[in-house]
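Take a moment with the sequence and the model before you read on. Try to pick out the helices and the strands by eye.

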Amino acid sequence: LSSRPREYAGSGPGRHGTGIAVVEGVSKGVLPLEGLQVLVVEDDEDTREVLTLGLELYGADVVAVGCAADALAALERGVPDVILSDIGLPDEDGFDLIRRVRRLPPSRGGLVPAIAVTAFTLADDGAEATRAGFQRHFRKPVDTRALFDSVIALAEGGRVERRLLARRASPVHAGMRVAMDRRHDPERRSA
């Protein structure tokens, strides 16, 4: 796999470009994002298209939307493995979006890992993104290899966390926990 970026038409960091370069040379048969579902929230159509194409090239299933309201509607239809969101959105910014997502119950996406992608270059953008509820922050132009590696790492971590929560909430698991407690606690053995 080559990590040398190849510019797509309109993908440079110029005035009308997306600031995103897609890594060329995905090995045939090796799709590192295969099976992952990614929600892309990006108002710039060119950037949204380049992100979507890059993620799909690597095997991800992508739902791409252009605003926060559409992102919340997409979460109603299904919970992705990762949210990839721009900060500068037309209806509300990505910080407000992720704060709203974090208030959702886990079953509706409240714990889905999220990555902020932004052209903003303020000194504390990364810290603000973390405070809002993002796990990672990337500035445009984005190194797609690093971005896609983050998608993989966050998706796996999120899946593990959701499995643990599901087990804890499971009545079978709760019953097993009571039985285990009785087995290891002499006072409860007689109960």
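The paragraphs below go from the overall make-up to the sheet, the helices, the cores and one special peptide bond.

Keep in mind that this is a predicted model. The protein has 191 residues, and 40% of them count as buried. It holds seven helices and eight strands. How much of its contact comes from residues far apart in sequence? Take the contacts with a separation of 6 or more: residues 24 or more positions apart account for 62% of them.

Start with the sheet. Strands of a sheet pair through backbone hydrogen bonds, either parallel or antiparallel. Here, five strands form an open sheet, and their pairing is parallel. Read across it and the order is β4-β3-β5-β6-β7. Why do β4 and β7 each have one side without a neighbour in the sheet? They stand at the edges with a single partner strand each, so one side of each stays free of a neighbour there. β7 covers residues 136-139. From one strand to the next, the twist averages 20°.

Now look at single pairs. Strand β4 spans residues 61-65 and runs parallel to β3, with five bridges joining the two. In this pair, V41 stands opposite V65 of β4. Strand β5, residues 82-86, pairs with β6 in the parallel sense, over four bridges. S85 faces its opposite number, A116, in β6.

Next come the helices on the sheet. Helix α1, residues 45-57, lies across β3, β4 and β5. It runs at about 170° to β4. Helix α3 packs on the sheet too, where it touches β3, β5 and β6. The direction of α3 makes about 155° with that of β5.

Helix α3 also has a helical partner. The axes of α3 and α4 come within 8 Å of each other and cross at roughly 25°. Angles under 35 degrees count as roughly parallel. The two helices, α3 and α4, are therefore roughly parallel to each other. Which residues meet? From α3 come F95, I98, R99 and R102, and from α4 come D125, E128, A129 and A132. By type, the residues of this contact divide into four nonpolar, four charged and no polar.

Turn now to the inside. Is β3 mostly covered or mostly open? It is mostly covered, with four of its five residues buried. The largest nonpolar core has 22 residues. Those that touch the most other members are L39, V41, L75, I83, L97, V101 and F134. Several elements give two or more residues to this core: β3 (37-41), α2 (68-77), α3 (94-102), β6 (114-118) and α4 (125-132). The largest share, five residues, comes from α2.

V41 deserves a closer look. Leaving out residues up to four places away in sequence, V41 touches V65, C67, A68, A71, I83, L84, S85, D86, L89 and L97. Apart from the largest core lies another one, of 20 residues. Among its members are V82, L84, L147 and V151.

Finish with a detail of the backbone. What kind of peptide bond joins K140 and P141? It is cis, with omega at about 0°. P141 sits in the loop between β7 and β8, and β8 covers residues 142-143.

Conventions
Residues are numbered from 1 along each chain as its sequence is written. This is a predicted model: local features need pLDDT of at least 70, side-chain atom pairs count only at pLDDT 80 or more; totals for chains, interfaces and linings use all residues. Side-chain values use heavy atoms; hydrogens and water are left out. A nonpolar core is a set of buried Ala, Val, Leu, Ile, Met, Phe, Trp, Tyr and Cys residues joined through side-chain atoms within 4.5 Å. Buried means under 20% relative accessible area, exposed over 50%, partly exposed in between (1.4 Å probe, protein chains only). Contact means heavy atoms within 4.5 Å. Axes are lines fitted to C-alpha atoms, for helices over the stretch in contact, and angles run from 0 to 180 degrees between N-to-C directions. Angles under 35 degrees count as roughly parallel, over 145 as roughly antiparallel, 65 to 115 as roughly perpendicular and the rest as oblique. Ala, Val, Leu, Ile, Met, Phe, Trp, Tyr, Cys and Pro count as nonpolar, Asp, Glu, Lys and Arg as charged, and the others, Gly among them, as polar. Two strands pair if DSSP finds at least two bridges between them.
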